[in-house]
Amino acid sequence: MSRRLLPLGALLFLVGSGGWWDYLMLSRQVGTTGVLAHRHEHVGERLALSLGEVRQVRAPDRYLVVQSSDRVYEVRGDTSAVREGEVVTVGVEIAPDGALRALWVREHPDRVGKFALGIAGLLAFFGLLPVWYRWTPGGLRHRGDHA
Amino acid sequence: MPDLVTHLCAALLPAGLLRRIPVAEFAVGAVLPDVASRVPSIALELLRRGGVPIHEGISHPISVIHTPLGAGALAILTAELLAPELRARGRRWILAGVAVHFALDLAQDHDGNGYYVLFPLSTWDWEAALISSEATVSLAPWLAGITALVWGWRWWRRRPSEPPTADGPPPSA
C-alpha cells in the first residue's frame, strides 16, 4: 500500500512546492526601475546579480543589467568595466536610497562553450538511452524479459 | 550548474568501472534535474525573449525540480516508468544519480547565489563554492574522453573471443 502511495505523494509534493515557489517568486517581483523590491533585501546588503546581460549604458555611471524580461536592474558603477551585450555577474550593494551600487563585475566568457556542452550532453543522453534499452546485454528490455 | 556532459560523465564513468551500477538508471538520475528543469526553463526564456508571451508563473514551478527534494520526488515518479520488478532498485539508483548531480552543482561558486537546498521547507540558499561555475567547460572534453576510453576498454574486454561458426561453437581446448 505504501509503495502505491509513494508516487502519489511525490506528485502532490511537486505540485504543492511548485505552487509555493510560484507564490514566493511572484511576491518578490522586481520592478524595472532598478530598485530591488524582492527577497526582503536590506540597505547595506551585498548580493550578486548572476548571469545578466548588459543591455544598455544609460549614463556615464549607470547601466542596465537584464536577467529576464521582468528582472531588469539599473546598476550604478564604472561603465568602463562593462560592454553592451556582455553576460556578467555583478556584485552589488544596496545603497540607502535603494540604488544598486556595483562593487565588482565578472564576465562569463565561457557561456557559449557551456551552452554547446549542454546541447552535446542532451544529444548524448537521448542517444544513449535507446541503445542501452534495446541492444546492450544488460539493457532494460532484456532484464524485463528475464524477470 | 555544470554542463550536461560533465553530469553525464559523472555517472557513466563510475558505472563503466563498477559493473554493479545499473548505468541507465544512474545516468538518468544524474541528468534528471537539469533535463527536467533547466532545459525547459531555458527554452521558455528563449521563447520569451523571442516575443512569445509566456508568464513567469509557468517556469517558476519547473524550478522546483532543480532542488534536492523536488528532484527526489521526480526521481520517484520516474522510477514508476520501469517494470514493477525493476522499480525498487531503479528508484534507488535514480536517487543516487540525483545525489551525484547535486554534489557537483553544490561544489560550484555562483558568486553568492547558492541553491535552495531545503526548499520548500526553507529558502535558505547554500553552495560550497569550491570551483568556478565555468570550470567544467575546459574539464568536460577531457572527462568525456576518459569516459569513452573506460567504456571502450570495457567493451573490448567483454567482446566474444571467437565468433561462432556455422558448424556450431568453437571446440574447447
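User: Which residues in H2(B) meet H5(B), and which residues in H5(B) do they meet?

Analyst: In this predicted model, Glu25(B), Phe26(B), Gly29(B), Ala30(B), Val31(B), Leu32(B), Pro33(B) and Asp34(B) of H2(B) meet Gly90(B), Trp93(B), Ile94(B), Ala96(B), Gly97(B), Val98(B), Val100(B), His101(B) and Phe102(B) of H5(B). By class, 11 residues of this contact are nonpolar, four are polar and two are charged.

User: Why are H2(B) and H5(B) called oblique to each other?

Analyst: Their axes come within 6 Å and cross at roughly 50 degrees. Angles under 35 degrees would count as roughly parallel, and 65 to 115 as roughly perpendicular. The crossing fits neither range, and therefore H2(B) and H5(B) are oblique. The crossing is right-handed.

User: Why are H2(A) and H6(B) called oblique as well?

Analyst: The axes of H2(A), residues 111-134, and H6(B), residues 135-158, cross at roughly 45 degrees and come within 9 Å. An angle of 35 degrees or above is not under the cut-off for roughly parallel, and roughly perpendicular starts at 65; H2(A) and H6(B) are therefore oblique. Their crossing is left-handed.

User: What makes the contact of H2(A) with H6(B)?

Analyst: Gly113(A), Lys114(A) and Leu117(A) meet Thr136(B), Val137(B) and Ala140(B). Three of these residues are nonpolar, two polar and one charged.

User: How many residues does each chain give to the contact, and how much area is buried?

Analyst: Chain A gives 47 residues and chain B gives 56. About 4,300 Å² is buried between them, 68% of it from carbon and sulfur atoms. In chain A, Trp21(A), Lys114(A) and Leu117(A) lose the most area to chain B, together 16% of what that side buries.

How values were computed: Residues are numbered from 1 along each chain as its sequence is written. Chains are lettered from A and ligands numbered from 1 in the order in which they are written. This is a predicted model: local features need pLDDT of at least 70, side-chain atom pairs count only at pLDDT 80 or more; totals for chains, interfaces and linings use all residues. Side-chain values use heavy atoms; hydrogens and water are left out. Axes are lines fitted to C-alpha atoms, for helices over the stretch in contact, and angles run from 0 to 180 degrees between N-to-C directions. Helices (H or I, at least four residues) and strands (E, at least two) are DSSP runs, numbered from the N terminus. Angles under 35 degrees count as roughly parallel, over 145 as roughly antiparallel, 65 to 115 as roughly perpendicular and the rest as oblique. A crossing is left-handed if the near helix is turned anticlockwise from the far one by less than a right angle, and right-handed if clockwise. Contact means heavy atoms within 4.5 Å. Ala, Val, Leu, Ile, Met, Phe, Trp, Tyr, Cys and Pro count as nonpolar, Asp, Glu, Lys and Arg as charged, and the others, Gly among them, as polar. Buried area is the accessible area (1.4 Å probe) that two parts lose on being put together, summed over both.
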